[in-house]
Each structure stands twice: as C-alpha cells, then as structure tokens.
Amino acid sequence: MTVQSVLDAIASRPGAGDVIPIINPATEEVLAEFRDGGAEAVDAAVARARESFTSGVWSGLPGSERAKVLWRVADLIDQHADELAQIDSLNTGMPHFQAFMIMSTCAESFRYYAGWCTKLNGIAHDVQQTGGITGAFTNMHAYTLKEPYGVVGLIFPWNGPVFNACTKLAPALAAGCSCIVKPAEETPLSALLLERILAEAGVPDGVVNLVTGYGHTVGAAITAHPGVDKVAFTGSTVVGKQIVQAAGSGNLKRVALELGGKSPVLIYDDADLDTAITMAAMGIFIHSGQGCISGSRIFAQRNVYDKVVEGVANIANSVKLGAPAEDGVLIGPIISAKQLDQVLGFIEGGRRDGVEVVTGGNRLDRSGFFVHPTVLTDVAPTARLYQQEIFGPVVAILPFDDDDEVVALANDSEYGLAATAWTKDISRAHRLAKRLDAGTVTLNCQMVFDHSMPFGGYKQSGWGHEWGRDGIESFLKTKTVYAQL
C-alpha cells in the first residue's frame, strides 16, 4: 500500500459517529478524515471475533501452525518496513530513520512469540493425600491446561503505532486469542497496512478486527462490552483507571495496563560523564519526550551537577528539530495541538513557581507542533511538573549528595515504570537497582529492552507485564484438572 492508498482507505471506512481529522503534526495540515466507528462497529467486531474463536479456526490450530503464520507476519513486516515507517513517520512526525529502525523490532516480536506457540504447557503432579470430605486416602493425577483468554481488546497509543500494535498482537495471537484492535484516533493509518499484512500471512478472517474511533466512544465500548474477555491497554494512567472501573462494572474482565512514567536518571560523579550526559539527554529529547520510559527527572551528584546541566542544555540546543523529510532531523514535533498546549502549560506553570528555564521552554516559530527541548533547574520535588507526566521534551535536573537522598528523590513519585543509574561502582549500581521503585532498572545504559525480558511498571505505572513469557501468559487462562486413579 502506498501512503495515498492508506489515506484513501481510512477515508472510506464506514462509521456512524463524528468525523475525525488526521493531522500531520509537522505541518498542521489535514491528511485525511474518517468517521468514528462507534459502539455499533464494536458490536460487529466482537461478534466476528467470538465466532472465529468459538469455531477454532485460529484457537484450535496446533501451535506449530500458528507459529508458521506468525513467522510469515514477521517476514512481511520486514518486506513492508519502509512503507510502514513512512506511514508512521507521516502520522506521528517521527523522523523516518527512527520509524524504520523500529520495524525490525516489530518483526522480531512475531518471531519471538512464534517460538512460544509450541511451548504453552501446563504442569503435571501426582497428588497423594489423606483427608478431604471422606477422610480416606486418595491417589490422584493432577495437571494444568493453558487456554487462550478468548476475545481480547487491544487498545494502543499514538507514540509508536506499529510498535505498540505488535507488542500486543504477537502474544495475543500466539496464545490463540481473537482480537479487537483499536489504534489511537490520532494515528490509525499504519493499522490498516498491518491488518492487510496479517491477512496476507494467513491469519483467518475474524481473528483480528480493526475498529477506528475515539477513546471515549470505541475504546469505552470495547472496555465495557460483555463479549470481550480481556482488555490490554497502553496509555495514560488517567485513562487506565477509567478502564479498570468500566471493566469491573461489567463482566469483570481481566485488564492489563502499561501506563505512564516519570522515570529518574541518576548520574554519579564517577560515571562516564560524556556517555551519561548524552544518553540522559537523548533519553528525554528523542521523539520529543513522548515515551513512557523517557527520563524526565535527572539527578546529578553535586560536584558534577553544573557539568550535567551544561551538557544536557548544549545537546538541547544542538539537536535539529523538524519534519521527517528534512535533512539531519533528529527530533520531530509533538503529536497534536492539544498535547502541545499541555506541554507548554507545564512549562508556564513552572515559570510561575520560580523554576529556572536553562534553555528551551518555547514553541518554535514555524508550522507544526514543535517545542524546543527544555532544561529546567530549581525545581521543587513538590512541583506539578516534577510529579506529573508531561510527555514532552522537558527535563528537570536536581542535585544530590548521597545514595539515601537520591533514592528518596527518585522514588518520590506515583509512577514506577523505569529508572537508570550511571556509576562505575558496580556494587553501588546493583544496590540501587534493588532500592529503586521501578519495573525496569538500567545500569550504565538507558532505554533498552529485549523481547525475552518482561516489561511492566510498579505503582501507578501499570498492571501486569509485556514481553517474555509473562507477555504470553497474560493472554492465557490456567485450568486445573484432578483425576482419581
């Protein structure tokens, strides 16, 4: 599919709700418009998904057969990587080279979970006991079965459309589930191409059902629908809480949540400062800070604090912002006017509270939703921009003296998604890893992951895990069977 054919396809999708514009965040131009699918589209999608699941056309396949299909999906993602990257780049403003690099990770998601399709085994155990209802000696064989959850709703955000879709689709399909897929209303385009790739690879009709629309309409209908057995959501903590309430008031469906973050980065005076400063800066400025694990709070040991502030500010002033097609661009725009206003609102609130803006803090004087990478100091730990997720290229840098102080500062947050420590003292690094309240801790590296390792958050950063065995287990139910011998 060409970019134009994707734009034509989204515009021709049926819908009964409001007209939703798709905005190019780098130019503020309307790329296309589509109608919100609404509750009726969700009802139809759930019916198709339930029929496909009950029929066993996918859930009943041997694991080896599902694995073959998932492997073909991966190959097709590789083949269409440039097209997918072009679409995501256009839709999100992400530089094309970044979007393209992500596609190999997306393909590998399906290869990794293809390997799990034949390994979804329970446990077996011979049970011998005296007692029970009769008080007699019993000799039983017991075992567990791993079964797909059924119809699952997969709701993912705008900051990495293909990546987030593959993160959920690959394990859900490997487990044998049938899926309702809802991309963010800002970025639905690549989901159309991904839908075609899945069909071409051999995923049967009705197993993956795409519904486009707003979160408060389509997303809410998926979450509340009695025919949906589980919802997996990536997005803000505010919306995550709404999903929990809706799921609990209906059929008590299971919920998996990957939510917000306010990730701390600790830089000690014995760290490789050049590397630490570069990585800390890119860890918040890349993709304009629109990442759940972006390191938005940097803590620098006091005798290197000034050097860290200067180094991060220099990078903020030297990286090139621009549209994906512009040469040398490393950072793109904020996704929308609404998000732009939110980011600038945090900065203005900080100014009123006496925060020092070392650099940035302003919108670029050009078309598009661009915010200059912003470095803040003199930030009180009680400040709103210290405590709340900004989701923009804005970092607060604070000094610290010792381990106890910096751990207390780092953990002073309702979030607990990721944390980073830079120090050559490996013993201290591992002590910090135990003390930091975060689901992922990186030591002398930043913003890394592997398909084999689980990813999830502490506190209000989410429920459950993605990736690794935990990722596929979240789409499986466990049944225990006892047999009297």
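What is the relative accessible area of R363? The value for R363 is 35%, which makes the residue partly exposed (buried is under 20%, exposed over 50%, partly exposed in between; 1.4 Å probe, protein chains only).

1. Basis of the values. This is a predicted model, in which local features need pLDDT of at least 70 and side-chain atom pairs count only at pLDDT 80 or more, while totals for chains, interfaces and linings use all residues. Residues are numbered from 1 along each chain as its sequence is written, and side-chain values use heavy atoms, with hydrogens and water left out.

2. R363 and E28. The whole structure contains 17 salt bridges (a side-chain nitrogen of Lys or Arg within 4 Å of a carboxyl oxygen of Asp or Glu). One of them joins the side chains of R363 and E28, with an N to O distance of 3.0 Å. The partners are 335 residues apart: R363 belongs to the loop between β12 (356-359) and β13 (374-377), and E28 to the loop between β1 and β2 (30-35). Helices (H or I, at least four residues) and strands (E, at least two) are DSSP runs numbered from the N terminus. E28 is partly exposed as well, with a relative accessible area of 36%.

3. E466 and K168. A salt bridge also joins the side chains of E466 and K168, at 2.6 Å from N to O. E466 sits in the loop between β19 (462-463) and α16 (468-473), whereas K168 is part of helix α6 (residues 161-175), so the pair ties together parts 298 residues apart in sequence. Both partners count as buried: E466 has 16% relative accessibility, and K168 has 1%.

4. D401 and R302. The closest N and O atoms of the salt bridge between D401 and R302 are 2.9 Å apart. This pair also links distant parts of the chain, 99 residues apart, with D401 in the loop between β14 (394-400) and α14 (403-411) and R302 in helix α11 (residues 302-318). D401 is partly exposed at 41% relative accessibility, and R302 is partly exposed at 45%.

5. A charged network. D75, D78, E108 and R111 are linked in a network of salt bridges.

6. K262, a buried lysine without a partner. K262 lies in the loop between β9 (254-258) and β10 (264-267). K262 is buried but has no salt bridge, and E389, the nearest side chain of opposite charge (Lys and Arg positive, Asp and Glu negative; His and the chain ends not counted), is 8.0 Å away. A polar atom of the K262 side chain does, however, lie 2.7 Å from the backbone oxygen of Q388. Beyond its neighbours within four places in sequence, K262 has contacts (heavy atoms within 4.5 Å) with residues including S296, R297, Y386, Q388, E389, S413 and Y415.

7. Cavities. How many cavities of 30 Å³ or more does the structure hold? There are six. The largest cavity has a volume of about 150 Å³. Of the 23 residues lining the largest cavity, those closest to its centre are K168, A232, A256, H465 and E466; both members of the K168 and E466 salt bridge are thus named there. The elements giving two or more residues to this lining are α6, β8, β9 and β19. On a 1 Å grid over the protein atoms alone, a cavity is a set of points where a 1.4 Å probe fits but cannot get out, and a pocket is an open set with protein on both sides within 12 Å along at least five of seven lines; lining residues have an atom within 4 Å of a point. Points are joined across faces, edges and corners, and a volume is the space filled by probe spheres set on them.

8. The largest pocket. The largest pocket holds about 1,500 Å³ of space. Its lining comprises 50 residues, of which W158, E186, S236, V239 and K338 are the closest to the centre. Two or more lining residues come from each of β1 (19-23), α8 (215-224), β8 (230-234), α9 (237-249) and α12 (337-352). The element that gives the most is α9, with seven residues.

9. V231 and T187. V231, in strand β8, is buried at 0% relative accessibility. Among the residues that V231 touches, apart from those up to four places away in sequence, are G153, I155, I222, I243, V255 and A256. The C-alpha atoms of V231 and G219, twelve residues apart along the chain, are separated by 9.9 Å. T187 is placed in the loop between β6 (178-182) and α7 (189-201) and is buried, with a relative accessible area of 1%. Setting aside neighbours within four places in sequence, T187 is in contact with N91, T92, P157, W158, P161 and I335.

Note on methods: A polar contact is a pair of N or O atoms within 3.5 Å; within protein, one must be able to donate a hydrogen and the other to accept it, and residues adjacent in sequence count only if both atoms are side-chain atoms.
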